[in-house]
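Colleague: I've got a model open and a few labels on it puzzle me. Could you take me through where they come from?

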Amino acid sequence: MQLISTSEYEFGFIALGGAPIGVISIGGFPVGVVAVGIVPMGLLSFACGAGLGLFNFTCGIGVGAYVRAIGLALGADAESVGLPLALGGQRPSTWYRVCFGLVAAAVVLCLYYVGKERIAVTNMTRVVDVTWHARPAKSEGIYIEPQTECRIAGQLRSDGVERIHARLRVDCGSLKLVERSIRSGCSVEQVDVEGGTAYRLRCTADRVAARENDDKVTPEVPGLIFDTLASEGRARVHAHGPPPMNIELHVDALSDVVVAEPLLPVEGPLETRAN
């Protein structure tokens, strides 16, 4: 465990970032014993948005056994500048204590089910950088000369048991076609070769449509189908545009040789579970 972590893959005593995991966790969607952020999850939660915690202090919506909120407070002991919804009667009563215990148990259970997959990500300590070489087979929407050299660069991260995350970038010559982070739906196979290890990979990422929000336009992200587990390796990049794009590449089945600790503990396929 690091003292300070800025990566979702590394557990830290103090964790910072978009979705950090740590004892004291600060960010957008933090998980920790003490969690501070927009949507924090922790035993002690400080939220500006929505908070889930045993003890919850929030500006927005708070759910917990002990809640103090500016907004909506839900819990056994709930007080808010807004709408408090408390279970139980007077604080010393037996009914109050029972309700407090039930709410506390429900919050801890929710924290477990919501946070366990996020916490499990910190076990993905096996990392390899891989490269596959490819050649254009078909290009529509964007012209790519048939002799252009293409490459798929990837970073694969795994816990060696059931999870794999992949980040893939597809380039043809100087043209960047797509770059995607794929957190589920991948499978990988490693092969012992002379000098190290090579990899086969199958991943699919759906197209993300363009979005407009006031004056801000988020461009479309092309979809990607990448498969070198098949008898003939192929990659397909597709988008509806503008312009419409459909590109297919012939990919070498095996990646370049990687001289590093293997991604998997034993030779064989690893299929990710849905995260």
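Colleague: What share of the contacts between residues at least 6 apart in sequence join residues at least 24 apart?

Modeller: That share is 40% in the protein chain, with a contact meaning heavy atoms within 4.5 Å. Keep in mind that this is a predicted model.

Colleague: Why is the chain called more spread out than a compact globule?

Modeller: Set its radius of gyration against the globule rule: the rule gives 19 Å for 275 residues, and the chain comes out at 24 Å, well over that, so it is more spread out than a compact globule. Along the principal axes, the C-alpha trace spans about 80 × 50 × 30 Å. As for what it's built from, there are one helix and 20 strands.

Colleague: What makes C150 and C172 a disulfide?

Modeller: The cut-off is sulfur atoms within 2.5 Å, and theirs are 2.0 Å apart, so the pair qualifies. C150 sits in strand β10 and C172 in strand β11, 22 residues apart, so the pair links distant parts of the chain.

Colleague: And why is that disulfide called right-handed?

Modeller: That comes from the torsion about the S-S bond, which is about 105 degrees, so right-handed it is.

Colleague: How do you know that C150 and C172 are buried?

Modeller: Buried means under 20% relative accessible area. C150 has 3% and C172 has 4%, so both make the cut.

Colleague: What about C186 and C203: what makes them a disulfide?

Modeller: Their sulfur atoms are 2.0 Å apart, and that is within the 2.5 Å limit, so they count. The S-S torsion here is about 125 degrees, so this disulfide is right-handed too. C186 lies in the loop between β12 and β13 and C203 in strand β14, so the pair ties together parts 17 residues apart in sequence. With relative accessible areas of 3% for C186 and 1% for C203, they fall under the 20% line, so they are buried.

Colleague: Why is C59 in no disulfide?

Modeller: The nearest cysteine sulfur belongs to C48 and is 4.7 Å away. A disulfide needs sulfurs within 2.5 Å, so C59 is left out.

Colleague: Is C59 buried or partly exposed?

Modeller: Partly exposed: 42% relative accessible area lies between the 20% and 50% cut-offs, so that's the label. C110, at 38%, is partly exposed by the same reasoning.

Technical notes: Residues numbered from 1 in each chain as written. Predicted model: local features only at pLDDT ≥ 70, side-chain atom pairs only at ≥ 80, totals over all residues. Heavy atoms only, no water. Helix = DSSP H or I, 4+ residues; strand = E, 2+ residues; numbered from the N terminus. Buried < 20%, exposed > 50% of the residue type's maximum accessible area, 1.4 Å probe, protein only. Rg over C-alpha atoms; globule rule 2.2 N^0.38 Å.
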